[in-house]
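Subject: Structure handover and notes

Dear colleague,

Here is the structure I promised to pass on, with the sequence alongside. Please open it before you read on, since the notes below refer to individual residues.

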Amino acid sequence: MTDDSSLELKEAIARRIASSSQQRIAFAEFMDLALYHPTYGYYTTKAVQMGKQGDFFTSTHLGADFGELLAEQFVQMWQILGKPQPFTLVEMGAGQGFLALDLINYVEQHYPEFFAVLDYIIVEQSPALRELQQQKIPPTPLEKGGKISSTTLLEQGEAIPPTPLEKGGKISSTTPFLRGSPQAGGSIRWCSLEEIPDNSIAGCFFSNELVDALPVHQITIERGVLREVYVGQGRQGGQGNSNSSHQPLATSHSPFTEITDEISTPRLQEYFDLVGINITSSTYPDGYRSEVNLAALDWLQAVAQKLRRGYVLTIDYGYPANRYYNPVRSQGTLQCYYQHHHHNDPYINIGQQDITAHVDFTALQRWGDRCDLRTIGFTQQGLFLMALGLGDRLAALSQTTSQSLQQVLWRRDALHQLLDPMGLGGFGVLIQSRGLTEVEVAQPLMGLK
């Protein structure tokens, strides 16, 4: 049965196409509407469908270890920067709030000095996820010394706990971890990236599987010419020009059609110049298709403008440009996720499925250079977490007597999944910096050793 919100979203997209001057929209706009439409988009209506029972899961769904190991890296960053007060962590795209919970709980218990100066900001575009995060990260358990970890939530079947605020009180946009003045403990708040003043943050911006969900332009090669993929309505959609061509979709039930035509912006060609790929060379066959994530460049530039001194840490799945745009990968990396199954048709389950594309880490590094972000290092998540102590945690499991055999086996499997080079362990970890002295840059980060 088709969800009503899916029908409403298709109609909203159709209206947007009809109102456009050429009766078509770039695929990037279609993807943006499918995922982020303020009323019917996937991250508005289905955002909580993550984890074992949802459409996909991330490193944070495997327990608290991922967040706790990241905390070790953040503490060292704070130390390298000379222990600024406050030290601001900006989590961009916080999902269901597991990572924030695990980080906060761990630093409160193990690094009280760091916890006391921690200013934790969550930048979350999805209203549904923001509401869920504010329910899961209340002040009461932290004030009383109680702990809510992602492991606890998993053991409860990932059920969303009721808000501990009695009498149905609302959580404000700035919630202190501890009672009293900000000097007595860290704070957590939600805001948009635009609300953060330029050149104001001393700390670290970080994201886990955010960039892959930013809307991408789709491009194709036709007779040695760079072209763009647009979305129109039905077989009649898209006026285009005399050189435009219509392509039938993978599903005959879709109300939309694809149109290829001249690129919508010169930034698409400039992107390939940036990453050093001659996309129109004879190396690329006719019909070659891939993606360009201009939104990722805009996002990184906005982050750089907010950062005064500190780091940007980006974790996601992707490749350097020479692997991303390998001629053999002739249909790109676009994937859709629906109930833990993946496919490559974005025109079905509209508003009911996640749509992603791999990250071009070369683009992030080279655009970062132009935005005064210096690349500190790039590695794989498995190696990054091992350097932060995941191997020690695995070794300690064989000595534990406080857990049942089933618990030990479950946790060992979770840790191995974080390391698996064919899965989460193969994700890229990019760390960039801004405003550091040469002495500070020379101090190696633990995760990159």
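What follows is a short account of one sheet and of several salt bridges.

Please keep in mind throughout that this is a predicted model, and that every value below was computed from it.

I begin with the sheet. Three strands make up an open sheet in the order E15-E14-E16, and their pairing is antiparallel. At its edges lie strand E15, which covers residues 341–343, and strand E16, which covers residues 354–356, each of them pairing on one side only. Ignoring direction, the average turn of neighbouring strands of this sheet against each other is 25°. Strand E14, which spans residues 335–338, is joined to E15 by 3 bridges, and these two strands run antiparallel. If you would like a particular pair to look at, Cys336 has His343 in E15 as its bridge partner.

I then turned to charged side chains, where a search of the whole structure gives 14 salt bridges. I describe some of them here.

In one of these, the side chains of Arg16 and Glu29 come together with an N to O distance of 2.5 Å. This pair links distant parts of the chain, as Arg16 belongs to helix H1 (residues 4–19) and Glu29 to helix H2 (residues 27–36), with their positions 13 residues apart in the numbering. Arg16 has a relative accessibility of 32% and therefore counts as partly exposed, and Glu29, with a relative accessible area of 26%, is likewise partly exposed.

Another salt bridge is formed by the side chains of Asp119 and Arg189, at 2.8 Å from N to O. Here too distant parts of the chain are linked, with Asp119 in strand E3 (residues 118–123) and Arg189 in strand E5 (residues 187–190), 70 residues apart. Asp119 counts as buried because its relative accessibility is 8%, and buried means under 20%. Its partner Arg189, by contrast, is partly exposed, with a relative accessible area of 27%.

What is the N to O distance in the salt bridge between Glu222 and Arg227? The side chains of Glu222 and Arg227 meet at 2.9 Å, and both of these residues are buried.

Finally, Asp65, Glu68, Arg393 and Arg411 are joined into one network by salt bridges that share partners, and you may wish to view these four residues together.

With best wishes

Notes
Residues are numbered from 1 along each chain as its sequence is written. This is a predicted model: local features need pLDDT of at least 70, side-chain atom pairs count only at pLDDT 80 or more; totals for chains, interfaces and linings use all residues. Side-chain values use heavy atoms; hydrogens and water are left out. Two strands pair if DSSP finds at least two bridges between them. Helices (H or I, at least four residues) and strands (E, at least two) are DSSP runs, numbered from the N terminus. Axes are lines fitted to C-alpha atoms, for helices over the stretch in contact, and angles run from 0 to 180 degrees between N-to-C directions. Buried means under 20% relative accessible area, exposed over 50%, partly exposed in between (1.4 Å probe, protein chains only).
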